[in-house]
Structure formats: C-alpha cells, structure tokens
Amino acid sequence: MPTDSIWSYAPGVGHAREADLTGYTVVARDGTAGHVDRQAAHHGMPHLVVDTGVWVFGRSLLVPVGVITSVDTEGRKLTVSCTRAELKAAPRFRTDSETMDRVYLTAVGYYYSELPREERPAG
C-alpha cells in the first residue's frame, strides 16, 4: 500500500470523514485492541489515538485511518486490517505532541504501509 493512502479512508469503509469515532471499540483481525481515545488530522494525515487498556500495559497507539476496513456506527466499533501484535509493534506513541510531528507520522505511515494486507472478499 502506498504511504499516502495509509492516511485516507478506504472506499466502502462506511464512514463519513466528519463523523467522530471517539469511543468506538477498535477490533484487530485477532481480537479487540482498545478504543478510540481521540482523532486528529495534522499535516493532512488523519489518524486515531487508540487506548489499548491493559493488554499493552496501558499504552496508546497511533493508527492511520487507512488501516480501517469497516466502521459499524450502530455497534460503535471499527475493524482494522492489522493483528494485535502488528499494532503493538508499531512505532511507540509517547506524547500528544507526536500527533503533530511530521517525522513521527511519516515513520508510522511507513510502518503500516509495509504490513501485509488482508484481502477483502468482493461484493
């Protein structure tokens, strides 16, 4: 996946760009990963800050919107194309200032764009 598309919602995800995903449960390919604490779009790079709870020792993760594969507005959950281990191995998110750091965001985008993509069934 090209790095620039990691910062864009995929067609057919079922999400209006203006809609707030705060509070939504984040589901990885192999289980629940946490919930959306907040979202931002600094430098034209829309992303979510995901609170992982206890499974990553209370760490938060920065997740580009391009890894979202579906949004369930009624169930208030979204699915991402990664596993929990892939999320955990992403560049470490430490402070809110990193959401505005172009170098950090670029590193995060590169990491996620290099992950193998799960093929979605047609139709």
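Of the 123 residues in this chain, 41% are buried, and buried here means under 20% relative accessible area, with exposed being over 50% and partly exposed in between (1.4 Å probe, protein chains only). What you're looking at is a predicted model, where local features need pLDDT of at least 70 and side-chain atom pairs count only at pLDDT 80 or more, while totals for chains, interfaces and linings use all residues. Residues are numbered from 1 along each chain as its sequence is written, and side-chain values use heavy atoms, with hydrogens and water left out.

**The overall layout**

Let's start with the parts list. The chain has two helices and six strands, taken as DSSP runs numbered from the N terminus (helices are H or I with at least four residues, strands are E with at least two). Read from the N terminus, the order is β-β-β-β-β-β-α-α. Accessible surface adds up to about 6,500 Å², and carbon and sulfur atoms own 53% of that; these areas come from the Shrake-Rupley method with a 1.4 Å probe, and for residues only the protein chains shown count as cover. Contact means heavy atoms within 4.5 Å. Among the chain's contacts between residues at least 6 apart in sequence, 54% link residues at least 24 apart.

**Around strand β6**

Strand β6 covers residues 77-80, and its side chains alternate: L78 and V80 face one way and are buried, while K77 and T79 face the other way and are not. Two strands count as paired if DSSP finds at least two bridges between them. β6 runs parallel to β1 (residues 25-28), with three bridges, and antiparallel to β5 (residues 68-72), with four bridges. Here are some of the residue partners.

| Residue | Partner in β6 |
|---|---|
| T25 | K77 |
| D72 | K77 |
| S70 | T79 |

β5 and β6 also make a hairpin with four residues between them, and R76 in that turn has a positive phi of about 50°.

**The nonpolar core**

In soluble globular proteins, nonpolar side chains tend to be buried together. A nonpolar core is a set of buried Ala, Val, Leu, Ile, Met, Phe, Trp, Tyr and Cys residues joined through side-chain atoms within 4.5 Å. The largest one here has 33 residues, and L21, L48, I68, L78, V80, L87 and Y112 have the most contacts inside it. At least two residues of this core come from each of β1, β2 (31-40), β3 (47-51), β4 (60-64), β5, β6 and α2. Helix α2 gives the most, with five residues.

Take L48 as an example. Setting aside neighbours within four places in sequence, L48 touches L21, V36, R38, Q39, L61, L62, V63, V65, I68 and L78.

**Helix α2 and the aromatic pairs**

How far does α2 reach? Its 12 residues span 16 Å from first C-alpha to last, close to the 16 Å expected at 1.5 Å a residue, where the expected span is 1.5 Å times one less than the number of residues. Its buried residues are Y104, L105, V108, G109, Y111, Y112 and S113, and these pack against β3, β4 and α1.

A pair of aromatic rings is described by the distance of the centres and the angle of the planes. Rings of Phe, Tyr and Trp (its six-membered ring) pair if their centres lie within 6.5 Å; planes under 30 degrees apart are stacked, over 60 edge-to-face, and the rest tilted. There are two aromatic pairs in the structure. In one of them, the ring centres of F93 and Y104 are 6.5 Å apart with planes at 45°, so that pair is tilted. F93 sits in the loop between α1 (84-88) and α2 (102-113) and Y104 is in helix α2, so the pair ties together parts 11 residues apart in sequence. Both F93 and Y104 are buried. Y111 and Y112 form an edge-to-face pair, 5.2 Å centre to centre and 80° between the planes. Y112 is buried, with a relative accessible area of 0%.

**Two more spots to find**

S60 is in strand β4. Is S60 buried or exposed? With a relative accessible area of 18%, S60 is buried. Neighbours within four places in sequence aside, S60 is in contact with V49, V50, D51 and F93.

Finally, I6 lies in the segment before β1 and is buried, with a relative accessible area of 0%. I6 and G66 are 60 residues apart in sequence, yet 4.1 Å apart in space, C-alpha to C-alpha.
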